Amino acid sequence: MPKPSLKDAILDAGLKVMFRTGYHGTSVRDVTAAAGAPQGSFTNHFRSKEAFAAEVLDRYFDVTRGLVEEALEDSSLTPRERLKRYLDIITGRLKADGYGRGCLIGDLSLEATGSSEMLRTRLTEIFAEWRVPFAACIADAQARGEIASDFEPGELADFLLASWQGAILRMKVDRNPKALERFKTIAFQTVFKEPT
């Protein structure tokens with residue numbers, strides 16, 4: 001009888017370890033110890049730490065996609081309210097983590113893109129995919145007259161995601177939600193304000 005695969009346990013442990021110590025601070029030994037797996041099982045499933053990090057990132061982005069769908073596909077809300085809802089959902093998750101853990105996509109964007117072309121490329125693809133539902137929601141809001149049409153929806157989606165990532169980074173430094181709340185207040189009273 002073949003041994004059960006430890007791949008999922010290693011990926012789950014890797015996500016937690018990477019959040020705590022970062023990409024460069026995470027070792028195979030740390031991950032396998034956290035997973036309760038022998039070190040050899042890591043190399044059975046992943047050809048390199050870089051490939052492992054890409055799979056952890058994909059697993060994290062799967063969860064993020066679900067949160068985006070939960071907020072942006074909620075037809076009981078207006079498109080502008082859906083955008084706010086997404087930010088509120090993420091704020092709630094960050095609060096549950098004591099404002100000490102941010103977004104793995106943003107963290108790896110800062111830490112790994114200078115040393116890993118594979119991760120940089122994957123992050124580029126993730127940001128391109130991530131912006132699509134936001135751009136669609138913004139276009140819907142513009143069509144309904146909820147948000148001014150001074151900028152293209154894709155540009156506004158990129159602005160929203162990039163600025164939100166900056167607010168999350170500041171939140172991690174301060175260990176409180178002030179940067180998140182400031183971003184939401186200013187963004188929805190300026191760029192995403194309702195036209196008069």
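**Figure 1. Secondary structure of the whole protein.** The secondary structure of this predicted model comes to 9 helices and 0 strands. Read from the N terminus, the order of elements is therefore α-α-α-α-α-α-α-α-α, where each α stands for a helix. Along its principal axes, the C-alpha trace spans about 65 × 35 × 30 Å. The protein has 196 residues, and 42% of them count as buried. Among contacts with a separation of 6 or more, 69% join residues that lie 24 or more positions apart.

**Figure 2. Close-up of helix H1, which contains a kink.** Helix H1 covers residues 7–25, 19 residues in total. A straight helix would reach 27 Å at 1.5 Å a residue, yet the end C-alpha atoms of H1 are only 21 Å apart. Where is the kink in H1 centred? The kink, of about 90°, is centred on phenylalanine 19. Phe19 also belongs to the buried residues of H1, together with Ile10, Leu11, Ala13, Gly14, Val17, Met18, Gly22 and Tyr23. The cover over these buried residues includes helices H2 (28–35), H3 (39–45), H4 (49–72), H6 (104–111) and H7 (117–143).

**Figure 3. Close-up of helix H7 and the bend at valine 132.** The 27 residues of H7 should span 39 Å at 1.5 Å a residue, and the end C-alpha atoms are 39 Å apart, so the two values agree. H7 nevertheless bends by about 25° at valine 132, and proline 133 follows within four residues. The buried residues of H7 are Leu119, Arg122, Leu123, Ile126, Trp130, Phe134, Ala135, Cys137, Ile138, Ala141 and Gln142. In an α-helix there are 3.6 residues a turn, so residues three or four places apart point the same way. What covers the buried residues of H7 includes H1, H4, H5, H6 and H8. After H7 comes glycine 145, whose phi is positive, near 80°.

**Figure 4. Close-up of the largest pocket.** The volume of the largest pocket is about 310 Å³. How many residues line the largest pocket, and which lie nearest its centre? The lining consists of 19 residues, and Tyr60, Leu67, Arg93, Arg101 and Gly102 are those nearest the centre. At least two lining residues are supplied by each of H1, H4, helix H5 (79–96) and helix H8 (153–174). H4 provides the largest share, 5 residues. Sorted by class, the lining has 12 nonpolar, 3 polar and 4 charged residues.

**Figure 5. Close-up of two loop residues with positive phi.** Most residues other than glycine have a negative phi. Tyrosine 99 has a phi near 60°, a positive value in a residue other than glycine. Tyrosine 99 lies in the loop between H5 and H6. Is tyrosine 99 buried or exposed? Its relative accessible area is 12%, and the limit for a buried residue is under 20%, so tyrosine 99 is buried. Arginine 175 likewise has a positive phi, near 60°, and is a residue other than glycine. Arginine 175 is placed in the loop between H8 and helix H9 (178–189). With 49% relative accessibility, arginine 175 counts as partly exposed, because exposed would require over 50% and buried under 20%.

Notes. Residues are numbered from 1 along each chain as its sequence is written. This is a predicted model: local features need pLDDT of at least 70, side-chain atom pairs count only at pLDDT 80 or more; totals for chains, interfaces and linings use all residues. Side-chain values use heavy atoms; hydrogens and water are left out. The expected span of a helix is 1.5 Å times one less than its number of residues. The bend at a residue is the angle between axes fitted to the seven residues ending there and the seven starting there. Buried means under 20% relative accessible area, exposed over 50%, partly exposed in between (1.4 Å probe, protein chains only). Contact means heavy atoms within 4.5 Å. On a 1 Å grid over the protein atoms alone, a cavity is a set of points where a 1.4 Å probe fits but cannot get out, and a pocket is an open set with protein on both sides within 12 Å along at least five of seven lines; lining residues have an atom within 4 Å of a point. Grid points are joined across faces, edges and corners, and a volume is the space filled by probe spheres set on the points. Ala, Val, Leu, Ile, Met, Phe, Trp, Tyr, Cys and Pro count as nonpolar, Asp, Glu, Lys and Arg as charged, and the others, Gly among them, as polar.
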